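Good morning, and thank you for coming. Please look at the sequence and the structure on the screen while I take you through them.

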Amino acid sequence: MSVEINAVGKACPMPVVLAKQALDRGEADITVLVDNQTAVENLTRLAASQGMEAQSAARGEHFAVRISGERVPAPAPEPACVLPAAGGCTVFIGRDQIGGGSEELGKNLMKMFLYTLAQSEVPPVCLLFMNAGVTLPAGEEAQVIESLQALSGKGCEILVCGTCLNYYGLTERLKVGTVSNMYDIADKLLRASRVVTL
């Protein structure tokens, strides 16, 4: 019998957290009601990470995401920053510029920083974008987008906060990276052996 969880109106990452709590209690068939497409995508990723299937359907103005099947959690990942001797790590970007003072200078510094990362032989394992930082992968600055695409091509995982994209009205304008949620971003930060915050 399917257990139903009403997560309508609950902000990220609550729908994912509530679903995972139900799975951790041993539930093998749950349906989560949510009110936005980002939550549907986050729940679908959660199901995949547990070896389960997710099916979504409209239910009035909302969505019903059913997660079912035999749970086979993925093996624990290796620490995020295990790299060759040259090092590297997870980079958390919570703003669109580096430092205080001049906004113009700060934005140029961020652009140069991302370009420098893209040129490095050992790129970061992961870039995490939140708050005003999401305006970078969803912006119009060609050099920033090219740098992020180059990093992605080198295997750097790029996660972008879906709640933040929604807040700034940029969800449809994301050019590089994966729309993510607080649950996944917090997990990346906690598993990283080193984090650089900008």
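**The five-stranded sheet**

Let us begin with an open sheet of 5 strands, whose order is β8-β7-β6-β5-β9 and whose pairing is parallel. At its edges stand β8 and β9 (195-197); each has a single partner strand, so one side of each is left without a neighbour in the sheet. From one strand to the next, the twist averages 25°. Please keep in mind that this is a predicted model.

For those new to the subject, strands of a sheet pair through backbone hydrogen bonds, and they do so either parallel or antiparallel. Within this sheet, β6 and strand β7 (residues 157-161) run parallel and are joined by 4 bridges. To find one of these pairs on the screen, look for F129, whose bridge partner in β7 is V160.

After β6 comes a residue that deserves a remark. N131 is found in the loop between β6 (126-129) and α4 (142-153). Most residues other than glycine have a negative phi. The phi of N131, however, is near 45°, a positive value in a residue other than glycine. Is N131 buried, partly exposed or exposed? Its relative accessibility is 44%, and N131 therefore counts as partly exposed.

**The four-stranded sheet**

I now turn to another open sheet, formed by 4 strands in the order β1-β2-β4-β3, with mixed pairing. Its edge strands are β1 (3-6) and β3 (53-59), each of which pairs on one side only. Neighbouring strands here are turned by 20° against each other on average, with direction ignored.

The mixed pairing can be followed strand by strand. β1 and β2 run parallel and are joined by 4 bridges; V3, for example, has I30 as its bridge partner in β2. By contrast, β3 and strand β4 (residues 62-68) run antiparallel, with 7 bridges between them. There, S56 has V65 of β4 as its bridge partner.

How many residues of β2 are buried? The count is 6 of the 6, so β2 is largely enclosed by the rest of the structure. Both of its faces are covered: D29, T31 and L33 are buried on one side, and I30, V32 and V34 are buried on the other.

**Two helices and the sheet they meet**

What lies against this sheet? Helix α2 lies across β2, β3 and β4, and it runs at about 0° to β4.

Helix α2 also meets a neighbouring helix. Two packed helices are described by the angle between their axes and the distance between the axes. The axes of helix α1 (residues 14-24) and helix α2 (residues 37-49) come within 9 Å and cross at roughly 30°. Angles under 35 degrees count as roughly parallel, and α1 and α2 are therefore roughly parallel to each other. The crossing in which α1 passes α2 is right-handed.

Which residues make this contact? From α1 they are P15, V16, A19, K20 and L23, and from α2 they are A39, N42, L43 and L46. By character, the residues of this contact divide into 7 nonpolar, 1 polar and 1 charged.

Following α1 in the chain, G26 lies in the loop between α1 and β2. G26 is exposed, with a relative accessible area of 57%. Although G26 and R71 are 45 residues apart in sequence, their C-alpha atoms are 9.0 Å apart in space.

**Two buried residues, S180 and N181**

I close with a pair of residues that bring us back to the five-stranded sheet. S180 lies in strand β8 (residues 178-180), and N181 is found in the loop between β8 and α6 (182-191). Are they buried or exposed? S180 is buried, with a relative accessible area of 1%, and N181 is buried as well, also with a relative accessible area of 1%.

Their contacts may be listed, leaving aside residues up to four places away in sequence. S180 touches N42, R45, L159, V160, C161, G162 and I185. N181 touches C12, P13, V16, N42 and R45. Two of these names have already appeared in the contact of the two helices, namely V16 of α1 and N42 of α2. Lastly, N181 and C164 are 17 residues apart in sequence and 9.3 Å apart in space, from C-alpha to C-alpha.

Thank you for your attention.

Note on methods: Residues numbered from 1 in each chain as written. Predicted model: local features only at pLDDT ≥ 70, side-chain atom pairs only at ≥ 80, totals over all residues. Heavy atoms only, no water. Axes fitted to C-alpha atoms, helices over the stretch in contact; angles between N-to-C directions. Parallel < 35°, antiparallel > 145°, perpendicular 65-115°, else oblique. Left-handed = near helix turned anticlockwise from the far one by under 90°. Contact = heavy atoms within 4.5 Å. Nonpolar A, V, L, I, M, F, W, Y, C, P; charged D, E, K, R; others polar. Pairing = 2+ DSSP bridges. Buried < 20%, exposed > 50% of the residue type's maximum accessible area, 1.4 Å probe, protein only.
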